[in-house]
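User: I have the sequence and the model open side by side, and I would like to go through the fold with you before I look at anything else. Where shall we begin?

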Amino acid sequence: MAKPYEGPLSTEYIGEPLELYDDKKAWVVRWPRSLEHRHTYGLLTPFFKGLTQGKLLATKCVNPKCPAPSVWLPPRADCPDCYERMEWIEVPPEGKIYTFTMLDYAGIGIEMKTPYWQIDVEIEGVDTIFKGWLKEGKPEIGMPVKAVFRTENPTHTILDIYWVPK
Ligand SMILES: [Zn+2]
(Lines give C-alpha, C1' and ligand atoms only; values in the text may rest on other atoms or scores of the structure.)
Protein backbone atom coordinates (compact mmCIF):
# COMPACT_ATOMS: atom_id res chain seq x y z
CA MET A 1 0.00 0.00 0.00
CA ALA A 2 1.32 3.40 -0.99
CA LYS A 3 2.23 5.69 1.87
CA PRO A 4 -0.04 8.76 1.89
CA TYR A 5 1.67 12.00 0.93
CA GLU A 6 2.44 13.95 4.04
CA GLY A 7 4.10 17.05 2.65
CA PRO A 8 2.69 20.53 2.29
CA LEU A 9 -0.33 20.94 0.04
CA SER A 10 -1.61 23.75 -2.08
CA THR A 11 -4.94 23.51 -3.87
CA GLU A 12 -7.52 25.70 -5.49
CA TYR A 13 -11.22 25.95 -6.31
CA ILE A 14 -11.88 24.53 -9.77
CA GLY A 15 -15.70 24.78 -9.94
CA GLU A 16 -17.95 27.47 -11.31
CA PRO A 17 -19.64 29.80 -8.85
CA LEU A 18 -23.29 28.81 -8.51
CA GLU A 19 -26.10 31.06 -9.61
CA LEU A 20 -27.75 32.64 -6.61
CA TYR A 21 -31.35 33.62 -6.01
CA ASP A 22 -32.14 35.79 -3.05
CA ASP A 23 -35.81 35.38 -2.26
CA LYS A 24 -35.47 37.77 0.74
CA LYS A 25 -35.97 34.94 3.26
CA ALA A 26 -33.05 32.76 2.25
CA TRP A 27 -30.44 32.26 -0.39
CA VAL A 28 -31.17 29.61 -2.98
CA VAL A 29 -28.42 28.33 -5.26
CA ARG A 30 -29.02 26.80 -8.61
CA TRP A 31 -27.02 23.57 -8.61
CA PRO A 32 -27.46 21.64 -11.87
CA ARG A 33 -27.02 17.89 -11.67
CA SER A 34 -27.05 15.20 -14.30
CA LEU A 35 -27.45 11.49 -13.98
CA GLU A 36 -27.08 8.53 -16.26
CA HIS A 37 -30.10 6.30 -16.63
CA ARG A 38 -29.41 2.69 -17.62
CA HIS A 39 -32.44 0.99 -19.08
CA THR A 40 -32.26 -2.62 -20.20
CA TYR A 41 -34.29 -3.87 -23.11
CA GLY A 42 -34.05 -7.32 -21.57
CA LEU A 43 -35.91 -9.97 -23.54
CA LEU A 44 -37.02 -7.31 -26.05
CA THR A 45 -33.43 -6.69 -27.18
CA PRO A 46 -33.96 -8.57 -30.51
CA PHE A 47 -36.59 -6.00 -31.52
CA PHE A 48 -34.21 -3.05 -31.11
CA LYS A 49 -31.34 -4.99 -32.70
CA GLY A 50 -33.64 -5.77 -35.62
CA LEU A 51 -34.36 -2.08 -36.20
CA THR A 52 -30.65 -1.37 -36.57
CA GLN A 53 -30.53 -4.18 -39.18
CA GLY A 54 -33.56 -2.92 -41.11
CA LYS A 55 -35.89 -5.65 -39.82
CA LEU A 56 -39.22 -5.36 -38.11
CA LEU A 57 -39.53 -8.15 -35.54
CA ALA A 58 -42.66 -9.12 -33.70
CA THR A 59 -43.42 -11.91 -31.26
CA LYS A 60 -45.83 -14.73 -31.93
CA CYS A 61 -47.49 -17.07 -29.48
CA VAL A 62 -46.94 -20.65 -30.63
CA ASN A 63 -48.51 -22.36 -27.63
CA PRO A 64 -51.15 -24.76 -29.07
CA LYS A 65 -53.17 -24.40 -25.84
CA CYS A 66 -53.24 -20.59 -25.98
CA PRO A 67 -56.81 -19.20 -25.89
CA ALA A 68 -55.86 -16.34 -28.25
CA PRO A 69 -52.55 -16.99 -30.04
CA SER A 70 -51.49 -13.68 -31.57
CA VAL A 71 -48.66 -11.76 -33.18
CA TRP A 72 -47.63 -8.78 -31.06
CA LEU A 73 -46.00 -5.58 -32.21
CA PRO A 74 -44.59 -3.85 -30.24
CA PRO A 75 -43.40 -7.25 -29.12
CA ARG A 76 -43.93 -8.80 -25.73
CA ALA A 77 -41.61 -11.47 -24.42
CA ASP A 78 -44.42 -13.51 -22.89
CA CYS A 79 -47.93 -14.00 -24.24
CA PRO A 80 -50.46 -11.89 -22.32
CA ASP A 81 -53.10 -14.60 -22.90
CA CYS A 82 -51.26 -17.78 -21.86
CA TYR A 83 -48.08 -16.39 -20.23
CA GLU A 84 -45.82 -18.64 -22.33
CA ARG A 85 -42.62 -17.30 -23.88
CA MET A 86 -43.28 -16.23 -27.46
CA GLU A 87 -41.20 -16.66 -30.63
CA TRP A 88 -39.65 -13.94 -32.77
CA ILE A 89 -40.86 -13.52 -36.33
CA GLU A 90 -40.07 -10.95 -39.00
CA VAL A 91 -43.10 -9.02 -40.27
CA PRO A 92 -43.43 -6.91 -43.41
CA PRO A 93 -42.10 -3.36 -43.01
CA GLU A 94 -45.22 -1.92 -44.59
CA GLY A 95 -48.83 -1.39 -43.76
CA LYS A 96 -51.79 0.96 -43.79
CA ILE A 97 -52.55 3.90 -41.54
CA TYR A 98 -55.20 2.80 -39.06
CA THR A 99 -55.48 6.22 -37.46
CA PHE A 100 -53.34 9.27 -36.81
CA THR A 101 -52.98 12.39 -34.74
CA MET A 102 -50.77 15.43 -34.69
CA LEU A 103 -48.33 15.52 -31.79
CA ASP A 104 -47.62 18.95 -30.32
CA TYR A 105 -45.86 17.77 -27.18
CA ALA A 106 -43.65 14.71 -27.44
CA GLY A 107 -43.13 12.70 -24.27
CA ILE A 108 -39.94 12.73 -22.25
CA GLY A 109 -37.26 10.83 -24.14
CA ILE A 110 -38.97 11.30 -27.52
CA GLU A 111 -36.41 13.61 -29.06
CA MET A 112 -38.54 14.82 -31.93
CA LYS A 113 -39.13 18.23 -33.35
CA THR A 114 -42.83 19.00 -32.92
CA PRO A 115 -45.39 19.07 -34.31
CA TYR A 116 -45.26 15.73 -36.11
CA TRP A 117 -47.76 13.17 -37.34
CA GLN A 118 -48.07 10.19 -35.06
CA ILE A 119 -49.58 7.28 -36.95
CA ASP A 120 -50.93 3.90 -35.97
CA VAL A 121 -50.02 1.30 -38.57
CA GLU A 122 -51.97 -1.84 -39.38
CA ILE A 123 -49.60 -4.54 -40.65
CA GLU A 124 -50.72 -7.73 -42.37
CA GLY A 125 -50.18 -10.74 -40.13
CA VAL A 126 -49.89 -8.62 -36.98
CA ASP A 127 -52.77 -8.69 -34.49
CA THR A 128 -51.93 -5.38 -32.82
CA ILE A 129 -51.61 -1.84 -34.12
CA PHE A 130 -48.09 -0.44 -34.18
CA LYS A 131 -47.53 3.19 -33.28
CA GLY A 132 -44.98 5.30 -35.12
CA TRP A 133 -44.49 8.62 -36.89
CA LEU A 134 -44.82 9.77 -40.45
CA LYS A 135 -41.69 11.54 -41.62
CA GLU A 136 -43.21 13.18 -44.66
CA GLY A 137 -46.56 13.81 -46.23
CA LYS A 138 -50.01 14.10 -44.73
CA PRO A 139 -51.62 10.99 -43.26
CA GLU A 140 -55.00 9.62 -44.24
CA ILE A 141 -56.78 6.61 -42.84
CA GLY A 142 -56.04 3.60 -45.05
CA MET A 143 -52.99 5.23 -46.64
CA PRO A 144 -50.25 2.71 -47.50
CA VAL A 145 -46.94 3.39 -45.75
CA LYS A 146 -43.58 1.72 -45.60
CA ALA A 147 -41.04 1.64 -42.81
CA VAL A 148 -37.67 3.31 -42.95
CA PHE A 149 -34.99 2.16 -40.55
CA ARG A 150 -32.25 4.31 -39.11
CA THR A 151 -29.52 1.73 -39.68
CA GLU A 152 -26.78 4.35 -39.86
CA ASN A 153 -26.14 6.18 -36.61
CA PRO A 154 -29.01 4.39 -34.86
CA THR A 155 -30.45 5.93 -31.72
CA HIS A 156 -31.06 2.44 -30.24
CA THR A 157 -34.56 3.59 -29.36
CA ILE A 158 -37.98 3.25 -30.97
CA LEU A 159 -37.01 6.28 -33.08
CA ASP A 160 -34.91 3.93 -35.24
CA ILE A 161 -38.07 3.23 -37.24
CA TYR A 162 -40.33 5.72 -38.95
CA TRP A 163 -42.79 5.67 -41.83
CA VAL A 164 -43.15 7.30 -45.21
CA PRO A 165 -45.95 7.13 -47.80
CA LYS A 166 -45.62 4.02 -49.99
ZN1 LIG B 1 -50.41 -17.41 -25.89
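**Strands, turns and unusual backbone**

Analyst: Let us begin with one strand pair: strand S3, residues 57-60, pairs with S4 in the antiparallel sense, and two bridges hold that pairing. Please keep in mind throughout that this is a predicted model.

User: Okay, which residue stands opposite Thr59 in S4?

Analyst: The residue opposite Thr59 is Trp72, which belongs to S4.

User: And how many bridges join S3 to S5?

Analyst: S3 and S5 are joined by four bridges, and these two strands run antiparallel. Within that pairing, Leu57 has Glu90 of S5 as its bridge partner.

User: So in what order do the three strands lie in the sheet?

Analyst: The order is S4-S3-S5, in an open sheet whose pairing is antiparallel. S4, residues 71-72, and S5, residues 87-90, are the edge strands, and because each has a single partner strand, one side of each is left without a neighbour in the sheet.

User: Let me switch to the start of the chain. How do S1 and S2 run, parallel or antiparallel?

Analyst: Strand S1, residues 19-22, and strand S2, residues 27-30, run antiparallel and are joined by four bridges. Across that pairing, Tyr21 of the hairpin faces Val28 in S2.

User: What sits in the turn of that hairpin?

Analyst: There are four residues between S1 and S2, and one of the residues in the turn, Lys24, has a positive phi of about 80°. As background, most residues other than glycine have a negative phi.

User: Where else should I look for a positive phi in a residue other than glycine?

Analyst: One place is His156, where phi is near 60°; this residue is found in the loop between strand S9, residues 144-149, and strand S10, residues 161-165. Another is Tyr83, which is not a glycine and yet has a positive phi of about 70°, and Tyr83 is located in the loop between S4 and S5.

User: Is Tyr83 buried or exposed, and why?

Analyst: Tyr83 counts as exposed, because 10 C-beta neighbours lie inside 10 Å of it, and a residue is called exposed when that number is 12 or fewer. His156 is exposed as well, since it has 12 other C-beta atoms within 10 Å.

User: Now the peptide bonds. Which residues does a cis bond join in the loop regions?

Analyst: A cis peptide bond joins Leu73 to Pro74, with omega at about 0°, and Pro74 lies in the loop between S4 and S5. Thr114 and Pro115 are likewise joined by a cis peptide bond with omega of about 0°, and Pro115 has its place in the loop between strand S6, residues 94-103, and strand S7, residues 116-122. For context, most peptide bonds are trans.

User: Changing topic: where is Gly142, and what is it in contact with?

Analyst: Gly142 lies in the loop between strand S8, residues 129-134, and S9. If its neighbours within four places in sequence are left aside, Gly142 is in contact with Lys96 and Ile97. Gly142 is exposed, because it has 9 other C-beta atoms within 10 Å.

User: How far is Gly142 from Lys49?

Analyst: Their C-alpha atoms are 29 Å apart in space, and the two residues are 93 residues apart in sequence.

User: And Gly7, how far is that from Phe48?

Analyst: The C-alpha atoms of Gly7 and Phe48 are separated by 55 Å, with their positions 41 residues apart along the chain. Gly7 belongs to the segment before S1 and is exposed, since it has 4 other C-beta atoms within 10 Å.

User: Let us zoom out. How many helices and strands does the protein have, and in what order?

Analyst: The protein has one helix and ten strands, and from the N terminus on the elements run β-β-α-β-β-β-β-β-β-β-β.

User: What is the radius of gyration, set against that of a compact globule?

Analyst: The protein has a radius of gyration of 25 Å, whereas a compact globule of 166 residues would come near 15 Å. Taken along the principal axes, the C-alpha atoms fill a box of roughly 75 × 45 × 35 Å.

User: And what share of the residues counts as buried?

Analyst: Of the 166 residues, 14% count as buried. Among contacts between residues at least 6 apart in sequence, 46% join residues at least 24 apart.

Methods
Residues are numbered from 1 along each chain as its sequence is written. This is a predicted model: local features need pLDDT of at least 70, side-chain atom pairs count only at pLDDT 80 or more; totals for chains, interfaces and linings use all residues. Two strands pair if DSSP finds at least two bridges between them. A residue is buried if 20 or more other C-beta atoms lie within 10 Å of its own, exposed if 12 or fewer, and partly exposed in between; C-beta atoms are placed from the backbone. The radius of gyration is taken over C-alpha atoms; the globule rule is 2.2 Å times the number of residues to the power 0.38. Two residues are in contact if their C-beta atoms, placed from the backbone, lie within 7 Å.
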